[in-house]
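Good morning, everyone, and thank you for making room for me today. I would like to walk through one structure slowly, beginning with its sheets and ending with the place where its chains meet, so please keep the picture in view as I speak.

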Amino acid sequence: MIAEKYAEEIKGIIARFPNKKSAVLPLMHLAQHEYGYMSQEAMREVAEILDLDPTQVLSLSGFYSLYYEEPVGKYVMEICNDLACALRGADQFVDMACRKLDTTVDATTEDGLFTIKTVMCLGACDRAPMLQCNLKFEENLDEGKFDQLLARLREEAVSEQKSPSIVEKIVAYAK
Amino acid sequence: MSDLVTLTIDGVEVSVPKGTLVADAAKKIQIDIPVFCYHPKLEPVGMCRVCLVEIGLPMRDRATGELLKNEDGSPKLSFRGLQTGCTVAVSEGMAVRTASQPVKEARGAVLEFLLSSHPLDCPVCDKGGECPLQNLTMAHGKGTSRMAFNDKLKIAKHVPLGELIYLDRERCIQCARCIRFQEEIVDDPVIRFHNRGRSLEIVTMSEPGFDSYWSGNTTDICPVGALTTSDFRFGARPWELTPAASICPHCPVGCNTTMSTRREAISGGRKVIKRIMPRQNEAVNEIWICDKGRFVHHFADSAQRLTTPLIRKDGQLVEASWDEALDLVAGQLQKHKSAAAGLASGRLSNEDLFQFQKLFRKGLGSRNIDLANRQLGGGEIVAQVGVGSGTNLKDLGKGDAILVVASDLHEEAPLWWMRVKQAAERGVSLVLVNGRRTRLDKFAAHTVNYEPGQGLMTIRRLFGLAQVETESTRDDQLAAAAEKLIKAENLVAFYGSEGLTFDESDALAKLLGNLLLIKNGHNHTGRANNGLIPVWPHSNSQGAWDMGIHPAYGPGYAALETPGLGAAQIYAGAASGDIEALYVVGADPVGDGLMADRGKLSFLVVQELFLTETAALADVVLPAQSWAEREGTYTNGERRVQRYYPAIPAYGDSRPDWQILAQVGERAGLEKPAFAASLMFKEIAKAVTQYKHMDYRSLAQVEKQWPDVGGDDLYYGGNAYENGSGLGQQWMAAAESGAVERFEAPDIEPNSFESLPLIQTRALYASGTLTNISKVIEARLVSPTLTVSPADAARLELSDGDVVDVAVNGASVQAKLSVSKYATVGLAQLSGVGSGFVSGTAAAEFNRVVESEKELA
């Protein structure tokens, strides 16, 4: 239950808005961080905290692409394959990434570490192919850099289970 | 006038109030600007684009600010492309073109676009025939499509959003009317959009799905057949239906409805009710009804209905002819005369109730008549200081106030809840004085939750505070509330009897009457939009007062010199033998626990739709017609007398209640029965002074209403029925024609409690003779439930889901415990049990019978 685990943080986030229900997006990020994705239970928890109907939370998670309604890997790699990126080889890059991880778009690798998604413009067309991994941009990619990225993330995954920095980010975001 | 704006639409000049939207201004002069997402009862959003029009504004000289003129002297206009007529407000000198070539092209394009993912299954669609999309496509569509049929979306067509409403995803044109209605109008945001673009769909996550008392309204305002009710879905085509105007028989609001009927093979060739929809009455229910009014009608066509008179022979109820039964009843009643008594319910029509008291008072010389279960007092107070005629809750706004005492309008009278909520949103100061939290709290300016048993004392204090000129001390809610109420330009006070005994509710009405009578600037009685509104338990409890179904009052509130026996004395008399014969009409005192058995009665006659527990004990059972089979009038809590009309033929050999009573009366020496309900009403108008200006013709009068949504246009089809059958008439309270004296309110000692006190709360979907038959709402019926706060549950050592034995005054009932963080601490609430189980606020004992399964698991 995020209500108990992050009681202080939630109080802080809610306090920053004139209307309690405005805290819904940061609390959804918090819930997603806790559970790995926006499960129906996570939605109900957020709704309960903010006196919303769970349908309202579901609607938001469907509207925004950064909330995942299905379980995802520890690292979600969102590769932009919009027009400009496609012209710089984004589609080939997606194929290469899937081949390398032995997976398909929207699926998660067997070790539970990686999910590849394709997304619309992330605003970094001049540095394509690029992707966003757990909200962090990785730009001017090629196969070599992608290998380095995977190696770094696999190392990180062994050393720590969850990065607390995201919670801090969420709290900071609400400031 | 300065608040009027003049513009031209297609060359026609029109003046409308400032702020009017172009689409509405056009509608006022019968120029059609088609719409899908726009609805005059909802905030405009401009999502669907079908209302695109060309809008030109007068040009001005930049230097001088003078209006520029053409050579012919007409003002020079600047047209800047197409704009949505539903979001642009009118302005002075504006010119609108609604039928130009660019407009026609845009309209055609929007329709072509909407149809590109529409299934065009009109031949099997419930909306087909009254469908705005179908109508507008026929009128404005291109007739051809560039749609690539291979790309047509094939998505789910039978998605249950709960068991009442189904979604057809293919038909949805994503106008969000349903979502906006649920959020803006009724504050139940339980349906929403999910995903975007072509993946967009309407979803619900509430438990049960689409958890709202208002869900049916979304199927009316849906401009396509995307939302349908499980009750009517695939039931009939709109053009096969015959409409009959009616009044909802379930609560004191008196919503105007239309029953759509059809004679059909699957019902054995009978004419049956296929659906109930709202009928526009802007002073009562606007264009809405609650789901109870919409879905609880199946009792009228239930196979359990009584079809012939029954007479007890050799201990068995056996079928008999009407003549035999009526002769027997009249003979027996005449034998017992003044030892006979009559009990009726507030569900009967005015005609029935008038004839009922006439039979007893004139025919038998007995004064012993009453309502079987009188739960709320104050009828004679309402007759004096009830809301003034012409009252329309929609007219209340800033500077006005509404007081609600001891009532949960959301459960007891949903349409009043909606209209009070909307009034609060318009700026009316809403003051709530209740024993617990209710669904209105979040809209209130002041909420006073009194301690259990202290309701009456709290109102006494409020009255005291209102009497003195106070500059409110801000920390005292009650003082602040009193100041708001007394300084309000208009003041309407609703009162109910939750947690109050009958005597307390009677005293409450008097105290509130006195509060309204305080002269302090504004007069709060005798004017429209000022006065009392009682939240009666039944649709025609008001009529029962008016007709004199009271041991102490005759028709028109004529006080009787020697009152007869009231219901409590009649029940006691039946048990002791003092009352020898009892006539029960439309009530079930045995089933409701008011009467244990037939006691020492030598004769019991019951007039009913069903073989109720009381009827099963009777000597004679007379089958009555339901409200759907006959004519009549109900008087609502705002004292509006409204007519309803026959929709389906009589079930079996049943007869209208008033006719049966008149036929008994004729045999007991009264005159021949009237042959029509309208003639009965003429008799009422003669006997009840308050009704003297009314007859069936005046009650059927209508006038043009705004917004115009039931008419012949092509885009509000299927919304609500136009009202062509009567808006009803409100009768004048005494305060409107003369001064009213203050009322003498008796002192009633407040209770205090050592253990957790209990009140009974009303639930809209309480199970009962009528509701149980509508299978469609079966899953939502409230089973006996005891609700307490977590703190109280801990104190009682009970947990959520336990089955608890609740014992009050020697009676007991088993209820499931619901522990809710929203429950008021220090008060237990019992719902879903027969009315009258708990009287007022009572001491109770709670014992666990079955432990919650949650704990065992």
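Let me begin with a question: in β23(B), which residue is the bridge partner of Ala340(B)? The answer is Ala581(B), and before I build on that pair I should say that what you see is a predicted model, so please take every value I give as computed from that model.

The pair of alanines belongs to a longer stretch of pairing, in which strand β16 of chain B, residues 340-344, runs parallel to strand β23 of chain B, residues 581-585, and is joined to it by five bridges. As a general reminder for anyone new to this, strands of a sheet pair through backbone hydrogen bonds, either parallel or antiparallel.

These two strands are part of an open sheet of seven strands in chain B, whose order is β15-β14-β25-β24-β23-β16-β17 and whose pairing is mixed. Why do β15 and β17 of chain B each have one side without a neighbour in the sheet? They stand at the edges, β15 at residues 316-319 and β17 at residues 369-371, and each has a single partner strand, so one side is left free of a neighbour in the sheet. If we ignore direction, neighbouring strands here are turned against each other by 20° on average.

Two helices that touch this sheet deserve a look. Helix α16 of chain B, residues 567-576, lies across β16, β17 and β23 of chain B, and it runs at about 130° to β16(B). Helix α18 of chain B, residues 657-667, also packs on the sheet, where it touches β23, β24 and β25 of chain B, and its direction makes about 155° with that of β23(B).

Let us now move to the β15 end of the strand order. Strand β14 of chain B, residues 310-313, pairs with β15(B) in the antiparallel sense over four bridges; among the partners, Arg312(B) is matched with Leu317(B), and Lys313(B) with Gln316(B). The hairpin formed by these strands has two residues between them, and there Asp314(B) takes a positive phi near 55°. β14(B) also pairs with β25(B), again in the antiparallel sense, over two bridges, and in that pairing Ile311(B) has Val620(B) as its bridge partner.

Turning to chain A, we find an open sheet of four strands, in the order β2-β1-β3-β4 and with mixed pairing. Its edge strands are β2, residues 114-119, and β4, residues 136-138, each of which pairs on one side only, and the twist from one strand to the next averages 25°. Within this sheet, strand β1 of chain A, residues 75-80, and strand β3 of chain A, residues 131-133, pair in the antiparallel sense over three bridges, with Met77(A) opposite its bridge partner Cys133(A) in β3(A). Helix α7 of chain A, residues 90-101, lies across β1, β2 and β3 of chain A at about 165° to β2(A), while helix α8 of chain A, residues 143-159, lies across β1, β2, β3 and β4 of chain A at about 160° to β1(A).

Next come the charged pairs. Over all chains, the structure holds 62 salt bridges, and one of them joins Arg169(B) to Glu201(B), with the closest N and O atoms 3.4 Å apart. That pair links distant parts of the chain, because Arg169(B) sits in the loop between β7 and α4 of chain B and Glu201(B) in strand β9 of chain B, 32 residues apart.Finally, how do chain A and chain B meet, and how many residues does each give to the contact? The contact takes 16 residues from chain A and 16 residues from chain B, and the two chains bury about 1300 Å² between them, 52% of it on carbon and sulfur atoms. Two salt bridges are found across this interface, including one in which the side chains of Glu207(B) and Arg44(A) meet at 3.3 Å, N to O. On the side of chain A that touches chain B, α4 (40-50) and α5 (54-63) of chain A are the elements that give two or more residues, and the largest share, eight residues, comes from α5(A).

Technical notes: Residues numbered from 1 in each chain as written. Chains lettered and ligands numbered in written order. Predicted model: local features only at pLDDT ≥ 70, side-chain atom pairs only at ≥ 80, totals over all residues. Heavy atoms only, no water. Contact = heavy atoms within 4.5 Å. Buried area = accessible area lost by both parts, 1.4 Å probe. Salt bridge = Lys/Arg side-chain N within 4 Å of Asp/Glu carboxyl O. Pairing = 2+ DSSP bridges. Axes fitted to C-alpha atoms, helices over the stretch in contact; angles between N-to-C directions.
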